[in-house]
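Work through the following exercises with the sequence and the model side by side. Try each task before you read its solution.

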Amino acid sequence: MNYVQLYQAIQDYAETTEQLFVANIPVFVQEAEERIYNSVQLPSLRKNVTGTLTSGNKYLSLPNDWLSTYSFAVINADGTYEYLLNKDVNYIRQAFPSPTDTGTPTHYALFGSQYSAINELSLILGPTPDASYNAELHYYYYPPTIVQGQITIIAVTTVGSLYVPGVYENVSLTGGSGSGATATIVINSSGAVSSITLNEGGQFYVVGNILSAATANLGGAGSGFTATVTGVSNTTGTSWLGDNYDPVLFYGSMREAMIFQKQEPDVIKNYEDKYQEAMQQLKRLGDGLERGDAYRDGQTKLRVNS
């Protein structure tokens with residue numbers, strides 16, 4: 001199931017093409033995706049990155065799409081791997097209390113937010129690296145959403161004139177091949193657009209779309225503002241879930257849609273039950289069938305009956 005098919009199925013099952021409902025379909029889908037990825041560990045949704053530890057720095061920034069760590073290893077000069085043990089921050093502080101406790105790291109812990117990017121996390125290492133070691137992080141990640149054509153980059157093309165100065169938040173963008181995009185638009189004292197900051201990426205946009213905004217949403221006066229879409233996500237509208245096990249994605253999305261519509265509790269429960277049924281099948285795959293020969297203990301491992 002690709003996004004076009006999922007998008008249509010949600011409307012068909014909900015029996016509505018109401019504009020606000022359709023505009024929120026990307027929200028339903030992404031809420032379902034995040035719920036799924038936080039409920040099951042799929043080996044198919046792991047990846048690894050390599051990098052270099054900084055000598056004298058016990059902190060390591062995690063990738064932006066990091067969800068949870070599977071393994072973390074230091075790579076020795078001869079190419080052999082030394083896997084670090086996952087501990088609590090308190091253990092790292094107690095075992096390696098002094099900044100001069102340096103050496104090859106043997107332990108790590110999830111430390112907290114990065115100083116330069118508050119929404120991203122970092123690890124603390126023990127002992128503090130005494131050299132610039134190569135390292136490999138194997139981790140579960142948030143894959144790109146199945147939602148097709150979400151705007152990721154947009155730039156002002158023409159600034160327009162005679163607009164009412166101010167900051168206008170969550171302004172609906174018009175034009176282009178998609179729908180649902182909103183942005184914060186700043187009008188300077190000269191009545192021209194000085195900046196545009198994306199709030200929601202919408203769906204079905206393509207690079208090169210020229211967008212604008214209704215004058216009524218920008219103070220009621222002015223004209224001529226346009227912005228160009230220069231980046232979108234997932235141009236194919238496909239994902240691992242859509243290709244391999246779409247029932248859990250569909251029923252999860254429908255649950256969110258029914259809550260949005262304020263449907264009767266029994267209707268919401270029906271979709272929740274169907275979602276949970278599909279999730280059990282997905283967990284049988286991710287936490288069971290694909291986990292039978294796992295080397296590491298401590299992972300979720302479901303018993304699979306033949």
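**Exercise 1.** In the hairpin of β12 and β13, which residue takes a positive phi?

Solution. Before starting, note that this is a predicted model, in which local features need pLDDT of at least 70 and side-chain atom pairs count only at pLDDT 80 or more, while totals for chains, interfaces and linings use all residues. Residues are numbered from 1 along each chain as its sequence is written, and side-chain values use heavy atoms, with hydrogens and water left out.

Step one is to find the strands, which, like helices, are DSSP runs numbered from the N terminus (E, at least two residues, for strands; H or I, at least four, for helices). Strand β12 covers residues 166–172 and strand β13 covers residues 179–187. Step two is to look between them, where the hairpin has 6 residues, and there G175 takes a positive phi near 95 degrees.

**Exercise 2.** Determine the order of the strands in the open sheet that contains β12, and find its edges.

Solution. Begin with the pairing rule, by which two strands pair if DSSP finds at least two bridges between them. β12 and β13 are joined in the antiparallel sense over 5 bridges, and one of the partnerships is that of Y168 with I185 in β13. Next, β13 and β14 also run antiparallel, with 8 bridges joining them, and here S179 has Q203 in β14 as its bridge partner. The order of this 3-stranded open sheet is therefore β12-β13-β14, with antiparallel pairing, and β12 and β14 (193–203) stand at the edges, because each has a single partner strand and so lacks a neighbour in the sheet on one side. From one strand to the next, the twist averages 10 degrees.

**Exercise 3.** Describe the open sheet of 4 strands, and say what kind of pairing it has.

Solution. The strands follow the order β2-β8-β7-β5, and the pairing is mixed. At the edges are β2 (59–61) and β5 (85–86), each of which pairs on one side only. Going on to β5, you find that 2 bridges join this strand to β7 (residues 107–113), and that the two run parallel; N86 has Y108 in β7 as its bridge partner.

**Exercise 4.** How do the axes of helix α1 and helix α6 cross, and which residues meet there?

Solution. First locate α1 at residues 3–14 and α6 at residues 246–260, whose axes come within 10 Å and cross at roughly 50 degrees. Axes are lines fitted to C-alpha atoms, for helices over the stretch in contact, and angles run from 0 to 180 degrees between N-to-C directions. Angles under 35 degrees count as roughly parallel, over 145 as roughly antiparallel, 65 to 115 as roughly perpendicular and the rest as oblique, and α1 and α6 are therefore oblique to each other. Then list the contacts (heavy atoms within 4.5 Å): L6, A9, I10, Y13 and A14 in α1 meet L249, F250, S253, M254, A257 and M258 in α6.

**Exercise 5.** Is D12 buried, partly exposed or exposed?

Solution. D12 is found in helix α1. Buried means under 20% relative accessible area, exposed over 50%, and partly exposed in between (1.4 Å probe, protein chains only). D12 has a relative accessible area of 48%, and therefore counts as partly exposed. For the whole protein, 44% of the 306 residues count as buried.
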